[in-house]
Amino acid sequence: MVIDNNGIQYKKCSKCGEVKLITAFSTSSSSSDGYQYYCRVCGSKCHGKQHKKDELSIEEIRKEVSYNKDTGEFTGNIVPYIDNHNYYAATIHKVRCALHRIAWLLSYDEWPEFIDHINGNTLDNRLCNLRNCNNRENQLNQYRHRNSSCMYGAHYRKDSNVWRSQVTTEGNKRITLGNFTTQREASLVACKYLLEHNLVRREFIPSTFTDEELNIKEQKND
């Protein structure tokens, strides 16, 4: 990890080799600096490849696994364990499978893109705690549970005593949306940007912001 003169932390990703803001890395209790060795983008790519490789047919899985959507428990010819990312997993036909993805498949007969644990507890696989989402939405909810302020996209600039509003595009390019006097103002602008560009759905934006503040108009029935 590197800290510049303004107190901003950076780290080099072990996979892509790029030096990025520390916010681009997930936390890890096993590393010396408290963050993963690779950035979230590289981690998502790896998990995405793993998902595609590991996706067995629903017929194969139904023969081996039963899922209780009310308790989140799995039974059958499997031995669940907690993997390195703190998710329940199991081996089915010699293939490592994430059980929260199996839960979605058995419930809706389709593989999800990403699964978000609504309450932040990755071991709670009750169906009411799972939702299909994109990678950004998944990261946004993880950020909300890691940061008590829930002020996504707001970065304090000690040198100028302002809060800078920033978001990261799909190409992992960070763009600045302006400087503001309060953390809340900066976060509000970032969240509005995500909604206006259809990058996340309203349910993933912190409830601290009202629909009026986010310029969300009430949908009227015809």
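Student: What span should the 12 residues of α4 have, and how do you know whether the distance between its end C-alpha atoms agrees?

Tutor: The expected span of a helix is 1.5 Å times one less than its number of residues, so the 12 residues of α4 should span 16 Å, and as the end C-alpha atoms are 17 Å apart, the two values agree. Helices here are DSSP runs of H or I with at least four residues and strands are runs of E with at least two, both numbered from the N terminus. This is a predicted model, in which local features need pLDDT of at least 70 and side-chain atom pairs count only at pLDDT 80 or more, while totals for chains, interfaces and linings use all residues. Residues are numbered from 1 along each chain as its sequence is written, and side-chain values use heavy atoms, with hydrogens and water left out.

Student: How many helices and strands does the protein have?

Tutor: The protein has 5 helices and 13 strands.

Student: Why is L199 called buried or exposed?

Tutor: A residue is buried under 20% relative accessible area, exposed over 50% and partly exposed in between, with a 1.4 Å probe and protein chains only. L199 has a relative accessible area of 16%, and therefore L199 counts as buried. L199 lies in the segment after α5, which covers residues 183–196. Its C-alpha is 7.9 Å from that of E137, although L199 and E137 are 62 residues apart in sequence.

Student: Why is N125 called buried or exposed, and which residues is N125 in contact with?

Tutor: N125 has a relative accessible area of 2%, so by the cut-off already given N125 is buried. N125 lies in the loop between β9 (114–117) and β10 (130–133). Contact means heavy atoms within 4.5 Å, and, leaving aside neighbours within four places in sequence, N125 is in contact with Y67, G72, F74, Y88, L99, H100, H117 and L130.

Student: Which residues of α4 are buried, and what covers them?

Tutor: In α4, the buried residues are R136, E137, N138, L140, N141 and Y143, and their cover includes β9, β10, β12 and α5.

Student: How do you know whether α3 is covered?

Tutor: In α3, residues 99–108, 8 of the 10 residues are buried, and the helix is described as mostly covered. Those buried residues are L99, H100, R101, I102, A103, W104, L105 and L106. Just after α3, D109 takes a positive phi of about 60 degrees.

Student: What makes β6, β7 and β8 a sheet, and which are its edge strands?

Tutor: Strands of a sheet pair through backbone hydrogen bonds, either parallel or antiparallel. Two strands count as paired if DSSP finds at least two bridges between them; β6 and β7 (residues 88–92) are joined by 2 bridges and run antiparallel. The 3 strands form an open sheet in the order β6-β7-β8, and β6 (81–82) and β8 (95–98) are the edge strands, each pairing on one side only. Within this pairing, Y81 has A89 in β7 as its bridge partner.

Student: How do you know that β11 and β12 pair, and what is the strand order of their sheet?

Tutor: β11 and β12 (residues 162–168) share 4 antiparallel bridges, and Y156 stands opposite W163 in β12. Their open sheet has the order β11-β12-β13, with antiparallel pairing, and its edge strands are β11 (154–157) and β13 (174–180).

Student: At what angle does α5 run to β12, and at what angle does α3 run to β8?

Tutor: Axes are lines fitted to C-alpha atoms, for helices over the stretch in contact, and angles run from 0 to 180 degrees between N-to-C directions. α5 lies across β11, β12 and β13 and runs at about 20 degrees to β12, whereas α3 lies across β7 and β8 and runs at about 75 degrees to β8.

Student: What makes a nonpolar core, and which residues touch the most other members of the largest one?

Tutor: A nonpolar core is a set of buried Ala, Val, Leu, Ile, Met, Phe, Trp, Tyr and Cys residues joined through side-chain atoms within 4.5 Å. The largest has 21 residues, of which L140, Y152, L194, I205, F209 and L214 touch the most other members. The elements giving two or more residues to this core are α4 (135–146) and α5, and α5 gives the most, with 7 residues. Apart from this core lies another of 20 residues, among them L56, I61, Y67 and I92.
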